[in-house]
Amino acid sequence: MQASPNRRSSSLANTLGLALACLICLSISLPALAQGPGTVIVNSKFGGQIFGFDIDQNGTEGVLTEAQTLQDGRTLAAVETFDQATGKIVKVVKKLISKDDFITLGVVGSSVGLVEREHVKGIYVDSRIYNLLNPLSANMFTGTWTPPLTKNDIISSVSRIQGTSTTAFLAFQNGGSNHTFVFGSKVAANTFGPLVILPDNPFFFSNSPLVAYDSKKNRAVVAASDGRVGGPPPVIALVNLATGAITQFQGIPGPPPFRQGFINGLAVDSEDGIACTTTELDFSVEFYDLKTKTGFSQVLPGATGQTQSGSDVEFDPLNKLFLVAQSSSSTGPGSSIHVYDIRGNLVESLDGFNFSNASNVVFTHIALNPSNRTGYVDGPDPSVRQIQSFTY
């Protein structure tokens, strides 16, 4: 359901008008209205494609990783920090010309940057090194995070929540059993909970399951669907990160004949126990009450087809808002970010972005700074060499 503009009576309008006049007389500034896409653009330092980025919600910087293939077949890969206010690169933390590459896994905990390095020997990844920038503002690697993973275990999803000591990780075994598993880690302390293997149906890695973290319950929330046209509804798994206990419930069936398709985005409001997902075939957004294991679905505003499906979902815990990325907009030109409250009411649609997933190795990501209602998202460069600021 979408929120409709409130219809105020003339007497209420007069009252508000008088109140506004009083505020002006007292020189009290009002909050700025949402502006949508901003003018601050971050460019990768060496012109490579950006392989992940994030911003520090408790600081002034962000982090990105880039890579490009050189004429001799080697890769120029770099890790860079940038200023959130100006978009300028603060420092090249690490630059390599080899076969290795980097990927930004996110800013986790309290201002801790986490970057994965894939070390390549021959044509295969020989090892995976997880570098820390703790804090991010140090603008340097300060240590390594050493999860109990092998070189064939690939982290596929990270809960994008800051301000909590624990982060949830979803990974899969690339080879052998190919099982998907989830675990929690206090990254800064380099401690880990048990590795919890999830049922293959529907959490097999090829179904691209996603993870979020419920900090109030210390549990991972994992969502997946087998993506088939006419297939079953998605499944939500609640995983106790201390004991490994798994509780599952069935998600909302999409409308026939298409049903819902893959889960594209997932975020959790821990305080209120609400999960928000986006789904592919029915171009919808869903809201689940994790206590009652019930929810509802609604089509994204103005959406009429699968190309207008939502992708990444992020939660702003300060203003209690879910932000949903839509690569092909149904409300304006280019791409959009739709903002919902925790009850599923549409608050606003921010149009005029360009963050198509068409050429992205790493799909669209919305990075938020709730304290000033700003953020960054992929684009506008179609070659994925930029990220763009926005306000909401």
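How much area does the chain expose, and what share of it do carbon and sulfur atoms supply? The chain exposes about 17200 Å², of which carbon and sulfur atoms supply 54%, with accessible areas taken from the Shrake-Rupley method with a 1.4 Å probe and, for residues, only the protein chains shown counting as cover. This is a predicted model, in which local features need pLDDT of at least 70 and side-chain atom pairs count only at pLDDT 80 or more, while totals for chains, interfaces and linings use all residues. Residues are numbered from 1 along each chain as its sequence is written, and side-chain values use heavy atoms, with hydrogens and water left out.

**The chain as a whole**

- The chain holds two helices and 29 strands, where helices (H or I, at least four residues) and strands (E, at least two) are DSSP runs numbered from the N terminus.
- The radius of gyration, taken over C-alpha atoms and set against a globule rule of 2.2 Å times the number of residues to the power 0.38, is 21 Å, close to the 21 Å that the rule gives for 392 residues, so the chain is as compact as a globular protein of that length.
- Buried residues (under 20% relative accessible area, with a 1.4 Å probe and protein chains only) make up 51% of the 392 residues.

**Strand β16 and its partners**

- Strand β16 (residues 219–224) is mostly covered, as six of its six residues are buried; R219, V221 and A223 point one way from the strand, and A220, V222 and A224 the other way.
- On pairing, which requires that DSSP finds at least two bridges between two strands, β16 joins strand β15 (residues 210–214) in the antiparallel sense over five bridges, and strand β17 (residues 235–240) in the antiparallel sense over six bridges.
- A220 is the bridge partner of Y213, and A220 also stands opposite V239 in β17.
- The hairpin of β15 and β16 has four residues between the strands, and there N218 takes a positive phi near 50°.

**The four-stranded sheet**

- Four strands form an open sheet in the order β23-β24-β25-β26, with antiparallel pairing.
- Strands β23 (310–316) and β26 (346–353) stand at the edges, each with a single partner strand, so one side of each is left without a neighbour in the sheet.
- Strand β25 (residues 335–341) pairs with β26 in the antiparallel sense over six bridges, and V339 stands opposite E348 in β26.

Key:
Buried means under 20% relative accessible area, exposed over 50%, partly exposed in between (1.4 Å probe, protein chains only).
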